[in-house]
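Good morning, and thank you for the opportunity to present at this group meeting. I would ask you to look at the model on the screen while I speak.

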Amino acid sequence: MRKLLFAVAAAAVLVAPAVVQAQSPIVIKFSHVVANDTPKGKGALKFKELAEKYTDGKVKVEIYPNSTLYKDKEEIEALQLGSVHMLAPSTAKFAPLGIKEFEALDLPWLFKDDQTYSNAMKGTIGKWLFEKLETKGITGLAYWDNGFHMLSANRPLAKPTDFQGLKFRISGSKVADQYLRIMGSIPQIMAFSEVYQALQTGVVDGQENTWSNIYTQKMHEVQKYITVTNHGYIGYIVVVNKKFWDGIPADIKPQLEKAMQEATAYGNGQSQKENDDALAEIKKTGKSEIVTLTAEQDAAMRKALEPVYQDVAKRVGQPLIDEFLKETRGATN
Ligand code: LMR
């Protein structure tokens, strides 16, 4: 009996939230892979400012931008292990957790515009995806916006055959892997921090990203052409280690939640401008030519990538895709 009681007590200790209170101040390590001067970078800094202010210094937020602490794949592992507390990876990077539903978000032209994305993620689907994360020991706190991504290379990419034989860096999405293969290119998963050098040295020929990421990583200096495709949305989920978050004292958590809510509104309110400004700066440098697709070229590209939809439907189910498409098609029910 005594043995049993001991085992029960030991198990209780194992499942109990970490004793965050023991530490003073509570330190939140927030790691991410982009520059400070991007939608995510600015959101993270705003969260730090507000969290420290609202908790009267009882919480200290340490921001590690630019992959200085962890690269993409490592950061999710580190979060699960509790070596880092907060991240904001793009939704495309949740695949290693085995939650296949996230794949749907990478479907080409799933979202018509920023508003469509925002409506979908900030409604019931967004909450449902948060529940999926809980099963992996991760709590989702907010959806942060970046914007639509473009395709760049050293040749203009205006029709599906232009992709033939090119090596493309992708961030981790199976769906991106598939649509690039359909057009005859060779996709390769690579950490964000390695992209500039890989493009410079020819390890890869092209990549896909938002204007703000392209500009702050100087990718436009090593890519002769950037095609305005707007084919996919880079959005982030601010996530925390669940055990750590559950262990934050009840008199502190509301202030952190308030800080997160306000940082989210601030960052999301700026993302469009960040990307517009970055595009203007890229144009000013004259280093990359911006390729705009004609209506026919755009239609041909969309047609070529249609088979990806059927394939993803087999993995995540058509109803989920339809739920997203409802926003894009403007249905109200
Ligand atoms: C990428 O890896 O290209 C992006 O997801 C980086 C980021 O966090 O915006």
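Which polar side-chain atom lies 2.7 Å from an oxygen atom of the ligand? One answer is a polar side-chain atom of Lys93. Please bear in mind that what you see is a predicted model.

Lys93 can be considered together with two further residues. Arg169 also places a polar side-chain atom 2.7 Å from a ligand oxygen. For Asn213, the distance between a polar side-chain atom and an oxygen of the ligand is 2.8 Å. On its own, the ligand would expose 270 Å², and 98% of that area is buried by the protein.

Let us now consider the surroundings of the ligand. The residues around the ligand are Val33, Val34, Lys40, Ser90, Lys93, Arg169, Ser171, Phe192, Asn209, Asn213 and Tyr236. By character, this shell comprises four nonpolar, four polar and three charged residues. Where does the ligand lie with respect to the cavities? The space that the ligand takes up is the largest cavity.

Finally, I turn to the chain as a whole. The chain contains 13 helices and nine strands. Its radius of gyration is 21 Å, close to the 20 Å that the globule rule gives for 333 residues, so the chain is as compact as a globular protein of that length. Measured out along the principal axes, I should rather say computed, the C-alpha trace spans about 75 × 40 × 40 Å.

Thank you for your attention.

Technical notes. Residues numbered from 1 in each chain as written. Predicted model: local features only at pLDDT ≥ 70, side-chain atom pairs only at ≥ 80, totals over all residues. Heavy atoms only, no water. Near = heavy atom within 4 Å. Polar contact = N/O pair within 3.5 Å; in protein donor to acceptor, adjacent residues only side chain to side chain. Areas by Shrake-Rupley, 256 points an atom, 1.4 Å probe, with all protein chains shown as cover. 1 Å grid on protein atoms, 1.4 Å probe; cavity = no way out; pocket = protein on both sides within 12 Å on 5 of 7 lines; lining within 4 Å. Sits in = over half its atoms within 2 Å of the grid points. Nonpolar A, V, L, I, M, F, W, Y, C, P; charged D, E, K, R; others polar. Helix = DSSP H or I, 4+ residues; strand = E, 2+ residues; numbered from the N terminus. Rg over C-alpha atoms; globule rule 2.2 N^0.38 Å.
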